[in-house]
There are 2 protein chains.
Amino acid sequence: MLSKSTEYAIRALVFVQLRNWEQKRPGVGEIAKEIEAPEAYTAKILQTLTKNKLMDSMKGRGGGFFFNDNQSNLTLYDVIHVVEGDACFHKCGFGLKQCNNDNPCPLHEQYKVVRDGFFEIVKTETIQSLSEKIKQGDAVLNRLNT
Amino acid sequence: MLSKSTEYAIRALVFVQLRNWEQKRPGVGEIAKEIEAPEAYTAKILQTLTKNKLMDSMKGRGGGFFFNDNQSNLTLYDVIHVVEGDACFHKCGFGLKQCNNDNPCPLHEQYKVVRDGFFEIVKTETIQSLSEKIKQGDAVLNRLNT
DNA sequence: TTATAAAAGGACATCAATGTCCTTTTATAA
DNA sequence: TTATAAAAGGACATTGATGTCCTTTTATAA
Ligand code: FES
Ligand code: FES
(Lines give C-alpha, C1' and ligand atoms only; values in the text may rest on other atoms or scores of the structure.)
(Ligands and ions follow the chains in the order given, each with its own letter.)
Protein backbone atom coordinates (compact mmCIF):
# COMPACT_ATOMS: atom_id res chain seq x y z
CA MET A 1 0.00 0.00 0.00
CA LEU A 2 1.22 3.46 -0.83
CA SER A 3 1.50 6.05 1.91
CA LYS A 4 -1.11 8.77 2.20
CA SER A 5 1.48 11.33 1.14
CA THR A 6 2.20 9.42 -2.04
CA GLU A 7 -1.49 9.11 -2.86
CA TYR A 8 -1.94 12.87 -2.35
CA ALA A 9 1.10 13.49 -4.54
CA ILE A 10 -0.16 11.36 -7.41
CA ARG A 11 -3.64 12.81 -7.32
CA ALA A 12 -2.27 16.34 -7.07
CA LEU A 13 -0.06 15.81 -10.11
CA VAL A 14 -2.93 14.37 -12.11
CA PHE A 15 -5.09 17.36 -11.25
CA VAL A 16 -2.34 19.77 -12.26
CA GLN A 17 -2.03 17.95 -15.59
CA LEU A 18 -5.76 18.16 -16.21
CA ARG A 19 -5.79 21.88 -15.43
CA ASN A 20 -2.69 22.47 -17.54
CA TRP A 21 -4.49 20.92 -20.48
CA GLU A 22 -7.10 23.62 -19.92
CA GLN A 23 -4.32 26.26 -19.96
CA LYS A 24 -4.61 26.76 -16.19
CA ARG A 25 -2.02 26.64 -13.41
CA PRO A 26 -3.75 25.67 -10.18
CA GLY A 27 -2.50 26.87 -6.80
CA VAL A 28 -2.21 25.06 -3.48
CA GLY A 29 -5.73 25.93 -2.38
CA GLU A 30 -7.40 24.67 -5.53
CA ILE A 31 -5.32 21.49 -5.55
CA ALA A 32 -5.89 20.70 -1.88
CA LYS A 33 -9.62 21.15 -2.30
CA GLU A 34 -9.74 18.86 -5.32
CA ILE A 35 -7.77 16.03 -3.74
CA GLU A 36 -9.49 16.49 -0.36
CA ALA A 37 -6.29 16.94 1.57
CA PRO A 38 -5.36 19.53 4.23
CA GLU A 39 -4.07 22.63 2.51
CA ALA A 40 -0.87 23.12 4.52
CA TYR A 41 0.03 19.48 4.19
CA THR A 42 -0.63 19.58 0.48
CA ALA A 43 1.70 22.58 0.25
CA LYS A 44 4.49 20.51 1.83
CA ILE A 45 4.00 17.70 -0.64
CA LEU A 46 3.92 20.06 -3.60
CA GLN A 47 7.15 21.56 -2.30
CA THR A 48 8.79 18.14 -2.35
CA LEU A 49 7.61 17.57 -5.89
CA THR A 50 8.91 20.86 -7.25
CA LYS A 51 12.17 20.61 -5.31
CA ASN A 52 12.68 17.24 -7.01
CA LYS A 53 11.78 18.66 -10.42
CA LEU A 54 8.76 16.45 -10.96
CA MET A 55 6.74 19.59 -11.55
CA ASP A 56 7.39 23.30 -11.93
CA SER A 57 5.93 26.28 -10.12
CA MET A 58 5.78 30.04 -10.28
CA LYS A 59 5.63 32.28 -7.24
CA GLY A 60 3.73 35.52 -7.05
CA ARG A 61 0.53 36.82 -8.59
CA GLY A 62 -0.83 34.55 -11.24
CA GLY A 63 1.55 31.80 -10.13
CA GLY A 64 0.79 28.15 -9.57
CA PHE A 65 1.88 24.67 -10.51
CA PHE A 66 2.50 23.23 -13.96
CA PHE A 67 4.57 20.83 -16.01
CA ASN A 68 7.28 21.99 -18.35
CA ASP A 69 8.37 20.17 -21.48
CA ASN A 70 10.83 17.91 -19.65
CA GLN A 71 8.18 16.70 -17.26
CA SER A 72 5.58 15.27 -19.57
CA ASN A 73 6.28 11.58 -19.01
CA LEU A 74 6.32 11.16 -15.30
CA THR A 75 5.89 7.53 -14.17
CA LEU A 76 4.16 6.74 -10.90
CA TYR A 77 7.43 5.13 -9.90
CA ASP A 78 9.18 8.49 -10.16
CA VAL A 79 6.62 9.95 -7.77
CA ILE A 80 6.78 7.06 -5.32
CA HIS A 81 10.57 7.15 -5.39
CA VAL A 82 10.65 10.80 -4.39
CA VAL A 83 7.82 10.80 -1.84
CA GLU A 84 8.23 7.56 0.10
CA GLY A 85 11.23 5.78 -1.40
CA ASP A 86 11.23 2.47 -3.21
CA ALA A 87 11.73 0.05 -0.33
CA CYS A 88 8.43 -1.69 -1.08
CA PHE A 89 9.79 -2.94 -4.42
CA HIS A 90 12.74 -4.67 -2.79
CA LYS A 91 11.51 -5.73 0.64
CA CYS A 92 10.95 -9.33 1.68
CA GLY A 93 7.23 -9.92 2.17
CA PHE A 94 7.93 -12.22 5.09
CA GLY A 95 10.04 -9.65 6.94
CA LEU A 96 13.54 -10.99 6.33
CA LYS A 97 16.36 -8.45 6.22
CA GLN A 98 16.79 -8.79 2.46
CA CYS A 99 14.89 -10.58 -0.24
CA ASN A 100 17.10 -13.14 -1.97
CA ASN A 101 16.30 -15.47 -4.85
CA ASP A 102 18.90 -18.02 -3.81
CA ASN A 103 17.90 -18.22 -0.17
CA PRO A 104 14.20 -17.51 -0.27
CA CYS A 105 11.72 -17.08 2.52
CA PRO A 106 8.64 -19.32 2.29
CA LEU A 107 6.61 -16.54 0.64
CA HIS A 108 9.23 -15.49 -1.88
CA GLU A 109 8.02 -17.17 -5.05
CA GLN A 110 4.43 -16.02 -4.73
CA TYR A 111 5.18 -12.62 -3.22
CA LYS A 112 7.68 -11.76 -5.93
CA VAL A 113 5.00 -12.13 -8.58
CA VAL A 114 2.74 -9.62 -6.83
CA ARG A 115 5.52 -7.21 -5.95
CA ASP A 116 6.93 -7.26 -9.48
CA GLY A 117 3.44 -6.90 -10.90
CA PHE A 118 2.94 -3.71 -8.96
CA PHE A 119 6.36 -2.47 -9.99
CA GLU A 120 5.42 -3.06 -13.62
CA ILE A 121 2.27 -0.99 -13.18
CA VAL A 122 4.00 1.99 -11.62
CA LYS A 123 6.79 1.88 -14.21
CA THR A 124 4.27 1.80 -17.05
CA GLU A 125 1.56 4.19 -15.94
CA THR A 126 2.33 7.88 -15.91
CA ILE A 127 0.67 10.97 -14.52
CA GLN A 128 -0.26 11.71 -18.11
CA SER A 129 -1.72 8.27 -18.86
CA LEU A 130 -3.90 8.44 -15.74
CA SER A 131 -4.97 11.99 -16.55
CA GLU A 132 -5.89 10.91 -20.06
CA LYS A 133 -8.28 8.27 -18.72
CA ILE A 134 -9.97 10.86 -16.55
CA LYS A 135 -10.19 13.36 -19.41
CA GLN A 136 -11.81 10.66 -21.56
CA GLY A 137 -14.35 9.96 -18.81
CA ASP A 138 -13.10 6.41 -18.29
CA ALA A 139 -12.06 7.05 -14.69
CA VAL A 140 -12.57 9.56 -11.89
CA LEU A 141 -10.25 11.75 -9.83
CA ASN A 142 -12.50 11.83 -6.79
CA ARG A 143 -15.73 10.47 -5.33
CA LEU A 144 -18.71 12.75 -5.66
CA ASN A 145 -20.46 13.34 -2.33
CA THR A 146 -18.93 13.39 1.18
CA MET B 1 3.30 -4.03 2.44
CA LEU B 2 2.51 -5.70 5.72
CA SER B 3 3.23 -3.88 8.97
CA LYS B 4 6.25 -4.88 11.02
CA SER B 5 3.91 -6.23 13.69
CA THR B 6 2.24 -8.53 11.18
CA GLU B 7 5.58 -9.77 9.89
CA TYR B 8 6.69 -10.52 13.45
CA ALA B 9 3.40 -12.30 14.10
CA ILE B 10 3.65 -14.53 11.03
CA ARG B 11 7.26 -15.45 11.68
CA ALA B 12 6.56 -16.09 15.35
CA LEU B 13 3.69 -18.42 14.50
CA VAL B 14 5.80 -20.31 11.98
CA PHE B 15 8.53 -20.75 14.56
CA VAL B 16 6.04 -22.01 17.15
CA GLN B 17 4.75 -24.53 14.61
CA LEU B 18 8.25 -25.77 13.83
CA ARG B 19 9.03 -26.19 17.53
CA ASN B 20 5.67 -27.86 18.18
CA TRP B 21 6.53 -30.43 15.52
CA GLU B 22 9.61 -31.17 17.66
CA GLN B 23 7.34 -31.57 20.72
CA LYS B 24 8.50 -28.24 22.15
CA ARG B 25 6.58 -25.19 23.34
CA PRO B 26 8.77 -22.12 22.95
CA GLY B 27 8.49 -19.12 25.27
CA VAL B 28 8.63 -15.40 24.53
CA GLY B 29 12.41 -15.21 24.92
CA GLU B 30 13.13 -18.02 22.50
CA ILE B 31 10.63 -16.73 19.95
CA ALA B 32 11.84 -13.13 20.09
CA LYS B 33 15.42 -14.26 19.60
CA GLU B 34 14.53 -16.40 16.60
CA ILE B 35 12.52 -13.74 14.80
CA GLU B 36 14.98 -11.00 15.79
CA ALA B 37 12.36 -8.81 17.41
CA PRO B 38 12.44 -6.97 20.76
CA GLU B 39 11.33 -9.34 23.50
CA ALA B 40 8.75 -7.08 25.18
CA TYR B 41 7.23 -6.13 21.87
CA THR B 42 7.10 -9.74 20.81
CA ALA B 43 5.27 -10.51 24.04
CA LYS B 44 2.59 -7.96 23.12
CA ILE B 45 2.10 -9.47 19.71
CA LEU B 46 1.90 -13.00 21.11
CA GLN B 47 -0.72 -11.74 23.56
CA THR B 48 -2.81 -10.45 20.67
CA LEU B 49 -2.52 -13.78 18.92
CA THR B 50 -3.57 -15.87 21.93
CA LYS B 51 -6.32 -13.44 22.91
CA ASN B 52 -7.72 -13.92 19.40
CA LYS B 53 -7.35 -17.69 19.61
CA LEU B 54 -4.90 -17.99 16.74
CA MET B 55 -2.61 -19.85 19.11
CA ASP B 56 -2.72 -21.28 22.62
CA SER B 57 -0.47 -20.71 25.60
CA MET B 58 0.24 -22.06 29.07
CA LYS B 59 1.38 -19.91 31.95
CA GLY B 60 3.78 -21.02 34.62
CA ARG B 61 6.74 -23.36 34.73
CA GLY B 62 7.15 -25.36 31.58
CA GLY B 63 4.64 -23.10 29.85
CA GLY B 64 4.91 -21.58 26.41
CA PHE B 65 3.11 -21.20 23.12
CA PHE B 66 1.54 -23.91 20.97
CA PHE B 67 -1.23 -24.77 18.57
CA ASN B 68 -4.19 -26.88 19.60
CA ASP B 69 -6.18 -29.10 17.26
CA ASN B 70 -8.53 -26.30 16.19
CA GLN B 71 -5.66 -24.09 15.15
CA SER B 72 -3.88 -26.23 12.62
CA ASN B 73 -5.00 -24.43 9.46
CA LEU B 74 -4.30 -20.83 10.07
CA THR B 75 -4.21 -18.72 6.90
CA LEU B 76 -1.97 -15.69 6.67
CA TYR B 77 -5.15 -13.72 6.13
CA ASP B 78 -6.37 -14.74 9.60
CA VAL B 79 -3.17 -13.35 11.06
CA ILE B 80 -3.23 -10.14 9.05
CA HIS B 81 -6.89 -9.63 9.94
CA VAL B 82 -6.17 -9.81 13.65
CA VAL B 83 -2.91 -7.86 13.74
CA GLU B 84 -3.40 -4.97 11.31
CA GLY B 85 -6.89 -5.35 9.89
CA ASP B 86 -7.79 -6.04 6.28
CA ALA B 87 -8.04 -2.51 4.90
CA CYS B 88 -5.31 -3.21 2.35
CA PHE B 89 -7.53 -5.74 0.56
CA HIS B 90 -10.31 -3.20 0.02
CA LYS B 91 -8.54 0.13 -0.31
CA CYS B 92 -8.35 2.13 -3.53
CA GLY B 93 -4.76 2.18 -4.74
CA PHE B 94 -5.17 5.74 -5.95
CA GLY B 95 -6.41 7.01 -2.57
CA LEU B 96 -10.14 7.41 -3.25
CA LYS B 97 -12.45 6.94 -0.27
CA GLN B 98 -13.72 3.61 -1.53
CA CYS B 99 -12.77 1.34 -4.37
CA ASN B 100 -15.67 0.87 -6.76
CA ASN B 101 -15.88 -1.23 -9.90
CA ASP B 102 -18.57 0.94 -11.43
CA ASN B 103 -16.87 4.25 -10.84
CA PRO B 104 -13.20 3.34 -11.02
CA CYS B 105 -10.13 5.44 -10.40
CA PRO B 106 -7.58 5.42 -13.23
CA LEU B 107 -5.54 2.70 -11.51
CA HIS B 108 -8.44 0.44 -10.64
CA GLU B 109 -8.21 -2.23 -13.35
CA GLN B 110 -4.50 -2.86 -12.95
CA TYR B 111 -4.36 -2.37 -9.19
CA LYS B 112 -7.21 -4.77 -8.57
CA VAL B 113 -5.25 -7.57 -10.21
CA VAL B 114 -2.30 -7.07 -7.88
CA ARG B 115 -4.42 -6.55 -4.78
CA ASP B 116 -6.55 -9.61 -5.48
CA GLY B 117 -3.42 -11.59 -6.27
CA PHE B 118 -2.02 -10.84 -2.85
CA PHE B 119 -5.36 -11.65 -1.26
CA GLU B 120 -5.32 -15.02 -2.99
CA ILE B 121 -1.86 -15.75 -1.61
CA VAL B 122 -2.72 -14.94 1.98
CA LYS B 123 -5.99 -16.87 1.77
CA THR B 124 -4.20 -19.91 0.39
CA GLU B 125 -0.97 -20.04 2.35
CA THR B 126 -1.10 -21.02 5.99
CA ILE B 127 1.29 -20.95 8.91
CA GLN B 128 1.52 -24.69 8.42
CA SER B 129 2.23 -24.55 4.68
CA LEU B 130 5.03 -22.04 5.23
CA SER B 131 6.44 -24.06 8.12
CA GLU B 132 6.42 -27.18 5.95
CA LYS B 133 8.58 -25.46 3.33
CA ILE B 134 11.08 -24.51 5.98
CA LYS B 135 11.08 -27.99 7.49
CA GLN B 136 11.75 -29.43 4.02
CA GLY B 137 14.67 -27.06 3.57
CA ASP B 138 13.01 -25.27 0.66
CA ALA B 139 12.90 -21.93 2.46
CA VAL B 140 14.39 -20.16 5.46
CA LEU B 141 12.94 -18.54 8.58
CA ASN B 142 15.79 -16.04 9.00
CA ARG B 143 18.98 -14.78 7.41
CA LEU B 144 22.15 -16.29 8.82
CA ASN B 145 24.66 -13.59 9.86
CA THR B 146 23.96 -10.14 11.31
C1' DT C 1 3.16 -25.30 50.73
C1' DT C 2 6.35 -22.48 48.86
C1' DA C 3 9.56 -20.79 45.46
C1' DT C 4 10.05 -20.22 40.76
C1' DA C 5 9.21 -19.69 35.99
C1' DA C 6 6.39 -18.22 32.63
C1' DA C 7 2.43 -15.62 30.24
C1' DA C 8 -0.85 -11.56 30.85
C1' DG C 9 -1.54 -6.93 31.43
C1' DG C 10 -1.04 -1.92 32.33
C1' DA C 11 1.48 2.25 31.87
C1' DC C 12 4.76 4.76 29.70
C1' DA C 13 8.52 6.10 25.90
C1' DT C 14 10.14 6.90 21.20
C1' DC C 15 9.80 7.71 16.47
C1' DA C 16 7.99 8.50 11.93
C1' DA C 17 3.91 9.94 9.32
C1' DT C 18 0.66 13.22 9.13
C1' DG C 19 -0.97 17.72 9.90
C1' DT C 20 -0.84 23.02 11.36
C1' DC C 21 0.79 27.76 11.68
C1' DC C 22 3.44 31.58 10.77
C1' DT C 23 7.18 34.07 8.32
C1' DT C 24 9.95 34.87 4.13
C1' DT C 25 10.65 35.26 -0.70
C1' DT C 26 9.22 36.59 -5.22
C1' DA C 27 6.48 37.74 -9.27
C1' DT C 28 2.89 40.56 -11.06
C1' DA C 29 -0.79 44.19 -11.31
C1' DA C 30 -2.05 48.56 -10.20
C1' DT D 1 7.21 51.85 -6.87
C1' DT D 2 4.16 49.71 -4.04
C1' DA D 3 0.56 46.52 -2.68
C1' DT D 4 -0.85 42.04 -3.30
C1' DA D 5 -1.01 37.24 -4.28
C1' DA D 6 1.24 33.20 -4.38
C1' DA D 7 4.93 29.51 -3.43
C1' DA D 8 8.86 28.33 -0.17
C1' DG D 9 10.38 27.33 4.17
C1' DG D 10 10.89 26.71 9.22
C1' DA D 11 9.01 25.40 13.54
C1' DC D 12 5.79 23.05 16.01
C1' DA D 13 1.59 19.66 17.10
C1' DT D 14 -0.88 15.29 16.78
C1' DT D 15 -1.39 10.55 16.06
C1' DG D 16 -0.48 5.76 15.38
C1' DA D 17 3.12 2.19 15.12
C1' DT D 18 6.72 0.49 17.47
C1' DG D 19 9.14 -0.43 21.60
C1' DT D 20 10.15 -0.66 26.98
C1' DC D 21 9.39 -1.56 31.85
C1' DC D 22 7.24 -3.19 35.75
C1' DT D 23 3.52 -5.64 38.19
C1' DT D 24 0.07 -9.38 38.38
C1' DT D 25 -1.59 -13.91 37.57
C1' DT D 26 -0.94 -18.80 37.25
C1' DA D 27 1.05 -23.37 36.67
C1' DT D 28 4.60 -26.48 38.06
C1' DA D 29 8.67 -28.40 40.62
C1' DA D 30 10.84 -28.93 44.72
S1 FES E 1 13.04 -13.64 0.47
FE2 FES E 1 11.09 -13.12 1.23
S3 FES E 1 10.12 -12.24 -0.49
FE4 FES E 1 12.08 -12.78 -1.29
S1 FES F 1 -11.32 2.64 -7.40
FE2 FES F 1 -9.19 2.89 -7.14
S3 FES F 1 -8.50 0.84 -6.99
FE4 FES F 1 -10.64 0.57 -7.29
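The largest cavity in this structure has a volume of about 320 Å³. Before going on, I should say that this is a predicted model. The structure holds 1 cavity of 30 Å³ or more.

What lines the cavity? There are 15 lining residues, and A:Met1, A:Val114, A:Phe118, B:Met1 and B:Val114 lie nearest the centre. Two elements give two or more residues each to this lining: α5 of chain A, residues 108–124, and α5 of chain B, also residues 108–124. If you sort the lining by class, you get 13 nonpolar residues, 2 charged ones and no polar ones.

Next, the DNA. I will take strand D, then strand C.

Which residues are closest to DNA strand D? The strand is surrounded by 24 residues, and the closest are A:Gly27, A:Lys44, A:Ser57, B:Ser5 and B:Pro38. Of the atoms of strand D that come within 4 Å of the protein, 68% are in sugar and phosphate.

The elements that each supply at least two residues to this surface come from both chains. From chain A they are α3, β1 (56–58) and β2 (64–66). From chain B they are α1 (4–21) and α3 (39–51). The residues of the surface near strand D divide into 8 nonpolar, 9 polar and 7 charged.

Here are three individual contacts with strand D, one for each part of the nucleotide. For the phosphate, look at A:Val28: a backbone N or O atom of that residue lies 3.1 Å from a phosphate oxygen of strand D. For the sugar part, look at A:Gly60, where a backbone N or O atom is 3.5 Å from a sugar or linking oxygen of strand D. For the base, look at A:Gln47, which has an N or O atom in its side chain 2.9 Å from a base nitrogen of strand D.

Now strand C. How many residues surround it? The number is 24, and the closest are A:Ser5, A:Pro38, B:Gly27, B:Lys44 and B:Ser57. Within 4 Å of the protein, 68% of the atoms of strand C belong to sugar or phosphate, and the rest belong to bases.

On this strand, B:Gln47 has a polar side-chain atom 2.8 Å from a base nitrogen. A:Lys59 has a polar side-chain atom 3.5 Å from a base oxygen of strand C. B:Thr50 is placed at the phosphate, with a polar side-chain atom 3.3 Å from a phosphate oxygen of strand C. The elements giving two or more residues to this surface are α1 (4–21) and α3 of chain A, together with α3, β1 (56–58) and β2 (64–66) of chain B. By class, the surface near strand C has 8 nonpolar, 9 polar and 7 charged residues.

Let me stay with B:Thr50 for a moment. This residue lies in helix α3 of chain B. Is B:Thr50 buried or exposed? B:Thr50 counts as buried because its relative accessibility is 19%, and the cut-off for buried is under 20%. That accessibility is worked out on the protein chains only. The side chain of B:Thr50 also reaches the backbone oxygen of B:Gln47, at 3.0 Å. Beyond four places in sequence, B:Thr50 touches B:Met55, B:Asp56, B:Ser57 and B:Phe65.

Another threonine to look at is A:Thr42, in helix α3 of chain A, residues 39–51. A:Thr42 has a relative accessibility of 2%, so this residue counts as buried. What does its side chain reach? A polar atom of the A:Thr42 side chain lies 2.7 Å from the backbone oxygen of A:Pro38. Leaving aside neighbours within four places in sequence, A:Thr42 is in contact with A:Ile31, A:Ala32, A:Ile35 and A:Ala37. A:Ile31 is 11 residues away along the chain, and the two C-alpha atoms are separated by 7.9 Å.

The last residue is A:Glu125. Where is it? A:Glu125 is in the loop between α5 and α6 (127–135) of chain A. With 12% relative accessibility, this glutamate therefore counts as buried. Its side chain makes a polar contact with the side chain of A:Ser129, at 2.7 Å. Not counting residues up to four places away in sequence, A:Glu125 touches A:Leu74, A:Thr75, A:Leu76, A:Leu130 and A:Lys133, and also B:Leu107 and B:Gln110 from chain B.

That is all I have on the cavity, the two strands and the three residues.

Key
Residues numbered from 1 in each chain as written. Chains lettered and ligands numbered in written order. Predicted model: local features only at pLDDT ≥ 70, side-chain atom pairs only at ≥ 80, totals over all residues. Heavy atoms only, no water. 1 Å grid on protein atoms, 1.4 Å probe; cavity = no way out; pocket = protein on both sides within 12 Å on 5 of 7 lines; lining within 4 Å. Points joined across faces, edges and corners; volume = space filled by probe spheres on them. Helix = DSSP H or I, 4+ residues; strand = E, 2+ residues; numbered from the N terminus. Nonpolar A, V, L, I, M, F, W, Y, C, P; charged D, E, K, R; others polar. Buried < 20%, exposed > 50% of the residue type's maximum accessible area, 1.4 Å probe, protein only. Contact = heavy atoms within 4.5 Å. Polar contact = N/O pair within 3.5 Å; in protein donor to acceptor, adjacent residues only side chain to side chain. Near = heavy atom within 4 Å.
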